[in-house]
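Please open the structure in your viewer and keep the selection panel at hand. The tour below moves from stop to stop, saying what to select and what is there.

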Amino acid sequence: MGDHPKNSRKMWRKPKRPLNYDLLNEELHVLGTFGLKNKRELWKAHTELSRIRNQARSLLALTQDVRSTKEPILMKSLTRVGLVKENSTLDDVLNLKVTDFLSRRLQTFIQKKESIKSPYLARQIVVHGHVMIGDRVVTVPSYTVKVEEEDQIHLSPELDLNKAKQQPVQEVKTEQPAE
């Protein structure tokens, strides 16, 4: 886990107390709600959110003239991603929850926009390459959807969910050897 490009660093931190049963139940609920593959995806979201909140706290500690130059940069990047509104303050950034961050994932957008029954089916549709943003196919379920990309998300024309459900399963006949 060094600084060399081949040895990349971890992008997440585990919880300090892994056997906190309230935390375990909450994690399990979030995993099922957003259709995450494993807890590592949740921990990545927690780590990214803590990084953003840490930036906001450090901006609050700065003097007003330095803060007025650096604050719009953070707010513009968070507005572009859709985590905060256009005229938000640093207090809104500090009030962000991990569910706000997870609701910006491509997997969640596909589930809500295309009214897919489960988040796991939405994840499968994304991974199999049936989701397009504009003209390009995106196969990463954790892709963070930007505000200007929201209306460009659509399923590929080859995919027909209703046709796959209506096809009857054909029975396979095997020949029995004669005795």
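**Stop 1: a charged network**

Select Glu41, Arg105 and Arg123: salt bridges link these residues in a network. The model you are looking at is predicted.

Now keep glutamate 41 and arginine 123 on screen. Their side chains form a salt bridge, with N to O at 2.9 Å. Glutamate 41 belongs to helix H2 and arginine 123 to helix H7 (residues 119–127), so this pair ties together parts that lie 82 residues apart in sequence. Are the two partners buried or exposed? Both glutamate 41 and arginine 123 are buried.

Stay on arginine 123 in helix H7. Its relative accessible area is 14%, and it counts as buried because the cut-off is under 20%. Show its surroundings next. Setting aside neighbours within four places in sequence, arginine 123 contacts Gly35, Lys37, Glu41, Arg105, Gln107 and Pro141. Glu41 and Arg105 in that list are also its partners in the network.

**Stop 2: where H1 meets H2**

Select helix H1 (residues 21–34) and helix H2 (residues 39–61). At what angle do their axes cross? The axes of H1 and H2 come within 10 Å and cross at roughly 100 degrees. That makes H1 roughly perpendicular to H2.

Display the side chains at the contact. From H1, pick Leu24, Glu27, Leu28, Val30 and Leu31; they meet Lys39, Leu42 and Trp43 of H2. Sorted by type, the residues of this contact are 6 nonpolar, no polar and 2 charged.

Zoom in on glutamate 27 and lysine 39. Their side chains meet in a salt bridge, 3.2 Å from N to O. Glutamate 27 sits in helix H1 and lysine 39 in helix H2, and the two are 12 residues apart. Check the accessibility of each. Glutamate 27 is buried at 5% relative accessibility. Lysine 39 is partly exposed, at a relative accessible area of 22%.

**Stop 3: a pair of rings**

Keep tryptophan 43 selected and add tryptophan 12. Together they form a tilted aromatic pair. The ring centres are 5.6 Å apart, with 35 degrees between the planes. How many aromatic pairs does the count give? The count comes to 1 aromatic pair.

Trace the chain between the two rings. Tryptophan 12 is in the segment before H1, tryptophan 43 is in helix H2, and 31 residues separate them. Tryptophan 12 counts as buried at 16% relative accessibility. Tryptophan 43 also counts as buried, at 15%.

**Stop 4: a loop and a strand**

Move on to glutamate 149 and arginine 136. These residues form a salt bridge, and their closest N and O atoms are 3.3 Å apart. Glutamate 149 is in the loop between strand S2 (136–137) and strand S3 (153–155), while arginine 136 is in strand S2, so the pair ties together parts 13 residues apart in sequence. Which partner is buried? Glutamate 149 is buried, with a relative accessible area of 10%. Arginine 136 is partly exposed, with a relative accessible area of 41%.

**Stop 5: arginine 104**

Select arginine 104, in the loop between helix H5 (98–102) and helix H6 (106–113). At 9% relative accessibility, arginine 104 counts as buried. Now colour what it touches. Beyond residues up to four places away in sequence, the contacts of arginine 104 include Val81, Gly82 and Leu83. Add Phe109 and Glu150, which arginine 104 also touches. Then add Tyr143, Thr144, Val145, Lys146 and Val147, further contacts of arginine 104.

**Stop 6: aspartate 100**

Step to aspartate 100, in helix H5. Aspartate 100 is partly exposed, with a relative accessible area of 31%. Draw a line from its C-alpha atom to that of leucine 83. These atoms are separated by 6.8 Å, and the two residues are 17 residues apart along the chain.

**Last stop: zoom out**

Show the whole chain as a cartoon. It has 8 helices and 3 strands. Starting at the N terminus, the elements run α-α-α-α-α-α-α-β-β-β-α. The chain has 179 residues, and 32% of them count as buried.

Two totals round off the view. The whole structure holds 7 salt bridges, among them the pair of glutamate 27 and lysine 39. Among contacts in the chain with a separation of 6 or more, 54% join residues 24 or more positions apart.

How values were computed
Residues numbered from 1 in each chain as written. Predicted model: local features only at pLDDT ≥ 70, side-chain atom pairs only at ≥ 80, totals over all residues. Heavy atoms only, no water. Salt bridge = Lys/Arg side-chain N within 4 Å of Asp/Glu carboxyl O. Helix = DSSP H or I, 4+ residues; strand = E, 2+ residues; numbered from the N terminus. Buried < 20%, exposed > 50% of the residue type's maximum accessible area, 1.4 Å probe, protein only. Contact = heavy atoms within 4.5 Å. Axes fitted to C-alpha atoms, helices over the stretch in contact; angles between N-to-C directions. Parallel < 35°, antiparallel > 145°, perpendicular 65-115°, else oblique. Nonpolar A, V, L, I, M, F, W, Y, C, P; charged D, E, K, R; others polar. Phe/Tyr/Trp six-rings, centres within 6.5 Å; stacked < 30°, edge-to-face > 60°.
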